[in-house]
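Here are a few worked exercises on side-chain geometry and exposure. Have a look at the model, try each task, then walk through the solution.

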Amino acid sequence: YLFLVVAFATLFSTQLAIVDGMARTLSDIVYVNFEKAQKRSLSFWYMVFAVVWIVAGCFLATFNIPPLVLLISNACFGGLAMAVYCPLTLIINRRYLPQGARPGIISTVFLSLASLVYIFFTLYAVTAFMFERI
């Protein structure tokens, strides 16, 4: 029973950290980059993304979905988040950081390449899903 309690605590803390990190990242991205979003507080956007993520997880858990499907969908959502996160990180770093703190050409090139890879992955996953090739 101790093993099960420790396993539950470990998995619960991992899930809590994932929900918190995702909600913090997405709420910050939305709040900083969209003027209309700044009409609401940052904590409002945090709550929106956290609740949507939790409800989506509960919705998926109510069905008897095979673990491989959950794993693939999790990878697709992670790729989608990175497809948004990488280009916005590049834009924010190039626009708002002081001249001396901005990333150099090598960092910019590799972050641009990473952005293109994630965007390609996301577009491929969406089109494959639309045409049911997954």
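**Exercise 1.** Find which ring the charged end of Arg-40 sits over.

*Solution.* Start with the criterion: a charge sits over a ring if NZ of Lys or CZ of Arg is within 6 Å of the ring centre and within 35 degrees of the ring normal. Here the charged end of Arg-40 lies over the ring of Phe-44, 4.4 Å from the ring centre.

A quick word on ground rules: this is a predicted model, where local features need pLDDT of at least 70 and side-chain atom pairs count only at pLDDT 80 or more, while totals for chains, interfaces and linings use all residues. Residues are numbered from 1 along each chain as its sequence is written, and side-chain values use heavy atoms, with hydrogens and water left out.

**Exercise 2.** Work out how the rings of Phe-44 and Trp-45 are arranged, then sort both residues by exposure.

*Solution.* A pair of aromatic rings is described by the distance of the centres and the angle of the planes. Rings of Phe, Tyr and Trp (its six-membered ring) pair if their centres lie within 6.5 Å; planes under 30 degrees apart are stacked, over 60 edge-to-face, and the rest tilted. The structure has four such aromatic pairs. For Phe-44 and Trp-45, the centres are 5.2 Å apart and the planes stand at 80°, so this one is edge-to-face.

Now exposure: buried means under 20% relative accessible area, exposed over 50%, and partly exposed in between (1.4 Å probe, protein chains only). Phe-44 comes out at 30%, so it's partly exposed. Trp-45, at 18%, is buried.

**Exercise 3.** Do the job again for Phe-120 and Tyr-124: stacked or edge-to-face?

*Solution.* Centres first: 6.4 Å apart, with the planes at 20°, so Phe-120 and Tyr-124 are stacked. Next, placement: they're four residues apart in helix 4 (residues 105-130), so about one helical turn separates them. Helices here are DSSP runs (H or I, at least four residues), numbered from the N terminus. Last, exposure: Phe-120 is exposed at 59%, and Tyr-124 is partly exposed at 47%.

**Exercise 4.** Decide whether Ile-106 and Thr-108 are buried or exposed, and list what Thr-108 touches.

*Solution.* Both Ile-106 and Thr-108 belong to helix 4. Ile-106 has a relative accessible area of 59%, so it's exposed. Thr-108 has 14%, so it's buried. For contacts (heavy atoms within 4.5 Å), leave out residues up to four places away in sequence, and Thr-108 touches Leu-90, Arg-94 and Pro-103.

Notes. Helices (H or I, at least four residues) and strands (E, at least two) are DSSP runs, numbered from the N terminus.
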